[in-house]
Amino acid sequence: MSTVVYAPREVRRARYAVAAVFAVHGAVTGSFATRVPWIQDHAGVSAGQLGLALAFPALGASVAMPLAGSISHRFGARTALRGLLALWTLALVLPSLAPNLLTLCLALFVYGATAGMSDVAMNALGVEIENRLDKSIMSGLHGMWSAGALIGSAAGTLAAHLGSDARLHHVLAAGVLTVAGLVACAWVLDLQPAEDEDPPPRFALPPRSALLIGAVGFCAVFAEGASLDWSAVYLRDELGTSAGLAAACTTGFTLTMALARFAGDKVVDRFGAVRTVRVSGVLAVLGGLLIVLGGHPAVAMAGFALMGLGIAVVVPLCFAAAGRAGSNPSLAIAGVATITYTSGLVAPSAIGGLAELTSLVVSFGLVTALTCCLVLFAKVLRAGDRDRPKISPPNAAVPDRQP
């Protein structure tokens with residue numbers, strides 16, 4: 001394998017560059033989400049048809065994510081990330097241009113495919129930088145994604161309030177974010193495969209280790225999707241609160257997740273990934289019990305806040321563990337990402353279907369049961385724990401590997 005010497009300041013600079021990439025990625029998501037009602041009206045689709053169309057981003061991501069490893073191997077990590085991130089930011093424009101259901105589905109498929117590939121590339125680079133720094137940074141990187149999503153959502157909310165055309169809004173947002181992404185990518189590590197390194201297969205099943213890690217991520221993302229989409233409805237329908245208080249519950253959930261992610265790296269460095277996830281799982285279970293058994297708006301809101309606190313760092317640690325679990329980090333990360341994307345797709349409809357048959361209380365009982373799995377199966381994240389072998393300091397000659 002080839003070797004490259006990186007000074008400590010170069011690795012630190014690369015960390016901040018990847019953090020900016022995560023923020024740009026999140027800002028695209030936030031910019032899109034706030035204009036979905038406009039896109040629905042422009043395409044002339046019903047609520048049911050919109051629900052069908054919104055399944056296509058996850059489908060596109062699931063199909064395309066395994067390609068990210070091959071692209072990185074062929075072009076190098078920096079060039080691959082630069083190209084994939086630019087495709088993702090520019091794909092923001094496509095859904096608002098769609099005039100009907102068919103074109104909307106196609107646009108969202110491309111939107112999801114570019115999102116998934118850039119997601120794998122940036123997480124793989126994040127894991128590589130974490131290895132070189134020998135300290136946890138993945139939670140903070142995902143916190144930057146949340147911050148970017150909040151910024152994108154705020155800008156989109158303002159644009160919607162002003163009644164602006166989403167096509168113009170998204171063209172402007174795509175232009176700004178593309179430039180920001182290209183600038184940030186200029187400072188990430190330029191990792192290249194060794195001359196004798198075989199390229200990864202274009203399509204391959206994820207390794208067994210990634211399936212186990214992905215199962216933990218599935219439980220966390222299921223709880224996240226359920227809470228984001230149904231917490232306000234839960235407070236309004238089950239506990240009879242006002243619409244404003246119900247919305248505040250969702251905001252509180254999102255805020256606790258973001259804050260926990262920014263603080264998560266220090267916790268992981270001190271206690272390790274396995275113990276952190278076990279304690280996080282306990283907090284999530286306690287939050288679920290407050291939601292299901294509390295019977296009062298204040299108690300339920302505290303429960304959702306605890307739920308956000310408990311699940312916040314799980315997915316970043318899943319990516320970190322996947323990146324260290326085998327000889328092909330990109331393939332393992334793509335496998336975990338595919339499972340978590342699927343969970344995010346399944347959760348809202350599963351909660352709604354179960355609530356239709358029983359009640360939302362029963363639905364969140366299921367969520368609480370899944371968060372118990374975080375406590376029981378946290379040990380599969382040991383590949384990302386503090387007992388991993390020490391690596392060479394970042395200013396030493398470090399063998400490059402495919403991210």
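Which residue forms a salt bridge with glutamate 130? Before selecting anything, note that this is a predicted model, in which local features need pLDDT of at least 70 and side-chain atom pairs count only at pLDDT 80 or more, while totals for chains, interfaces and linings use all residues. Residues are numbered from 1 along each chain as its sequence is written, and side-chain values use heavy atoms, with hydrogens and water left out.

Select glutamate 130 together with arginine 324: these two form a salt bridge, with their closest N and O atoms 2.2 Å apart. The term salt bridge is used for a side-chain nitrogen of Lys or Arg within 4 Å of a carboxyl oxygen of Asp or Glu, and by this rule the count comes to four salt bridges. The pair of glutamate 130 and arginine 324 links distant parts of the chain, since glutamate 130 is in helix H8 and arginine 324 is in helix H15 (residues 314-324), 194 residues apart. Helices here are DSSP runs of H or I with at least four residues, numbered from the N terminus. Both glutamate 130 and arginine 324 are buried, where buried means under 20% relative accessible area, exposed means over 50%, and partly exposed is in between (1.4 Å probe, protein chains only).

Next, select the whole of helix H8, residues 101-133. Its 33 residues should span 48 Å at 1.5 Å a residue (the expected span is 1.5 Å times one less than the number of residues), and the end C-alpha atoms are 47 Å apart, which agrees. Of these 33 residues, 27 are buried, so H8 is largely enclosed by the rest of the structure. At the N-terminal end of H8, asparagine 100 acts as a cap, with a side-chain oxygen 3.3 Å from the backbone nitrogen of leucine 102. After H8 comes aspartate 134, whose phi is positive, near 55 degrees.

Now move to arginine 167 and aspartate 165, whose side chains meet in a salt bridge (2.7 Å, N to O). Arginine 167 is partly exposed, with a relative accessible area of 34%, and aspartate 165 is also partly exposed, at 28%.

Finally, select phenylalanine 304, which is located in helix H14 (residues 297-311). This residue is buried, with a relative accessible area of 0%. Leaving aside neighbours within four places in sequence, its contacts (heavy atoms within 4.5 Å) include Ser227, Tyr234, Phe253 and Phe364. Add glycine 288 to the selection: it is 16 residues from phenylalanine 304 in sequence and 7.3 Å away in space, C-alpha to C-alpha.

Notes. Helix = DSSP H or I, 4+ residues; strand = E, 2+ residues; numbered from the N terminus. Polar contact = N/O pair within 3.5 Å; in protein donor to acceptor, adjacent residues only side chain to side chain.
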